[in-house]
Amino acid sequence: MEPGAASPLRNPGFLGLLGYRLLALLANQILTVTVGWQVYQRTGDALSLGLIGLSEVIPYVGFALFAGYAVDHLPRRKVGMFACFGLGTTTLLLAGIAHGILPAGFGGPGDGGGNNAMIYAAVALNGVVRAFFTPVYMSLFARVLRRDQYARGAGVGSAVMQSGLVLGPALGGLLIALVGVAATYLVATGFAALAAVAVVRLQVSEPPLPTTREPVFASIGEGLRFVRHNQVVFGALALDMFSVLFGGAVALLPAFVEDVFRAGPEALGVLRAAPAAGAVGMGLWLSRYPPQRHAGYLLLGSVAAFGVCIIGFALSQVLWVSMALLALSGAFDSVSMVIRSTIVQLATPDEMRGRVASINGIFIGSSNELGAFESGLAARLLGLVPSVVFGGSMTLVVVAATAKLAPRLRRLDVRDLD
């Protein structure tokens, strides 16, 4: 088969789904950048930035399994639409606070910079809403594409997601400078509204809804048992979680820029963008040449290569070398992301996609947040460079342990899941 013969980009439903994903991601990334700027301008306290992440991740993890249940038992496009409405509501609340119409804390609009309780509450609402996006996308992904297109579709989806992770923060920062915080939130509201339109107009056949609904916790438990007892799915998710937990270096980039490279904020921007740039390039390549044979070995090898890149980054003293290593780490991470996504899609029954996708989201979301905490704690205990070398080395240990404990994953060929 020619590389483009089964291109998912010829599928109008898939293009609509990508539009939904990109628009929602842009809205969320603009919100994230803007709320960080808003809070720090009010407080001047770095701890307040950490509280933003904490305010979002706790409700996200707490509601993720319930979001998966909703996606499996309700019309998926409607769930996606209401998630977009929730995101738009969050941005409108934050715009009202920024404009002074609503209070930032409990003391009223003029309470000063120390009380940000209402801002954190709005961010917590966004954490609840964000829990629905991945299950909706993953479940609709399997409805708009044929099974033989999953791997290519995962590559395209990865490239689109990484592009949003680059464009969203850049657009948010530019809008803050040009039109101010309140207006930037309104632009994010517009993106959320467009995402709602995209998912409602999506050309997809919804699966028949269950005639009887299981009790919520019994249904969630069924999804957890499926993941736990499927060695291939559980191994892929655990490998991703622990490799990101130990191998992430992004949280420490400001320290590397100042203490190692003796550079300014422009260097930080380049280094932050490098992993996403590598991931976009690799995602586009994989959309044409998806991994099929020896997928298990490719998965393990790409995560090991990611760990080696992180070790090399820690030891580098040259900015352009470090940038290249981070770009390579993003490319290898994209390989593992595409293979993991393909595995989850092919191995999961359609009636369970929402719950499994929500579990996948918990693995990914918690590893990013906890990884940032682990990086900071390790840097405090071991020092900056040794902590990142340690993290990269632990990633290699995780790969070796996964290869030993999950032989079915190690020997996996994607075609075996068809």
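Is Phe85 exposed, partly exposed or buried? Phe85 is partly exposed, with a relative accessible area of 43%. The legends below describe close-up views of a predicted model.

**View 1. Phe82 and Phe85 form an aromatic pair in helix 3.**
The structure holds 6 aromatic pairs. In one of them, Phe82 and Phe85 meet edge-to-face. Their ring centres are 6.2 Å apart, and 85° separates the planes. Both residues belong to helix 3, which covers residues 76-99. They sit 3 residues apart, about one turn of the helix. Phe82 is exposed, at 54% relative accessible area. Phe85, at 43%, is partly exposed.

**View 2. Trp285 and Tyr289 form a tilted pair.**
The ring centres of Trp285 and Tyr289 lie 4.6 Å apart. Their planes are at 35°, so the pair is tilted. Planes under 30 degrees apart would count as stacked, and over 60 as edge-to-face. Trp285 is exposed, with a relative accessible area of 52%. For Tyr289 the value is 38%, and this residue is partly exposed.

**View 3. Four rings form one aromatic cluster.**
Its members are Phe14, Tyr137, Phe141 and Tyr150.

**View 4. The charged end of Arg130 sits over the ring of Tyr60.**
The charged end of Arg130 is 4.3 Å from the centre of the Tyr60 ring.

**View 5. The charged end of Arg228 sits over the ring of Phe234.**
Here the charged end of Arg228 is 5.0 Å from the ring centre of Phe234.

**View 6. Helix 3 and helix 6 come within 8 Å, axis to axis.**
Two packed helices are described by the angle between their axes and the distance between the axes. Helix 6 covers residues 181-200. Its axis and that of helix 3 cross at roughly 170°. That makes helix 3 roughly antiparallel to helix 6, because angles over 145 degrees count as such. What classes of residue make up the contact of helix 3 with helix 6? There are 18 nonpolar, 5 polar and 1 charged residues.

**View 7. Ser139 reaches the backbone of Pro135.**
Ser139 belongs to helix 4, residues 117-144. Its relative accessibility is 0%, so Ser139 counts as buried. The side chain of Ser139 reaches the backbone oxygen of Pro135 at 2.8 Å.

**View 8. Leu140 and Gly80 are 60 residues apart along the chain.**
Like Ser139, Leu140 lies in helix 4. Leu140 is buried, with a relative accessible area of 0%. The C-alpha atoms of Leu140 and Gly80 are separated by 9.8 Å.

**View 9. Gly164 and Leu165 lie in helix 5.**
Helix 5 covers residues 150-179. Gly164 is buried, at 0% relative accessible area. Leu165 is partly exposed, at 33%. Each has a partner far along the sequence, 112 residues away. For Gly164 the partner is Ala276, and the C-alpha atoms are 9.4 Å apart. For Leu165 the partner is Ala277, with 9.9 Å between the C-alpha atoms.

**View 10. Ser316 makes polar contacts from a loop.**
Where is Ser316 found? Its place is the loop between helix 11 (295-315) and helix 12 (319-347). Ser316 is buried, with a relative accessible area of 8%. That value is under 20%, so the residue counts as buried. A polar atom of the Ser316 side chain lies 3.1 Å from the backbone oxygen of Val318. The side chains of Ser316 and Ser322 are joined by a polar contact of 2.9 Å.

**View 11. Ser205 lies in the loop between helix 6 and helix 7.**
Helix 7 covers residues 216-229. At 45% relative accessibility, Ser205 is partly exposed. Which distance separates Ser205 and Arg143 in space? Their C-alpha atoms are 6.7 Å apart. In sequence, Ser205 and Arg143 are 62 residues apart.

Notes. Residues numbered from 1 in each chain as written. Predicted model: local features only at pLDDT ≥ 70, side-chain atom pairs only at ≥ 80, totals over all residues. Heavy atoms only, no water. Phe/Tyr/Trp six-rings, centres within 6.5 Å; stacked < 30°, edge-to-face > 60°. Helix = DSSP H or I, 4+ residues; strand = E, 2+ residues; numbered from the N terminus. Buried < 20%, exposed > 50% of the residue type's maximum accessible area, 1.4 Å probe, protein only. Lys NZ or Arg CZ within 6 Å of the ring centre and 35° of its normal. Axes fitted to C-alpha atoms, helices over the stretch in contact; angles between N-to-C directions. Parallel < 35°, antiparallel > 145°, perpendicular 65-115°, else oblique. Nonpolar A, V, L, I, M, F, W, Y, C, P; charged D, E, K, R; others polar. Polar contact = N/O pair within 3.5 Å; in protein donor to acceptor, adjacent residues only side chain to side chain.
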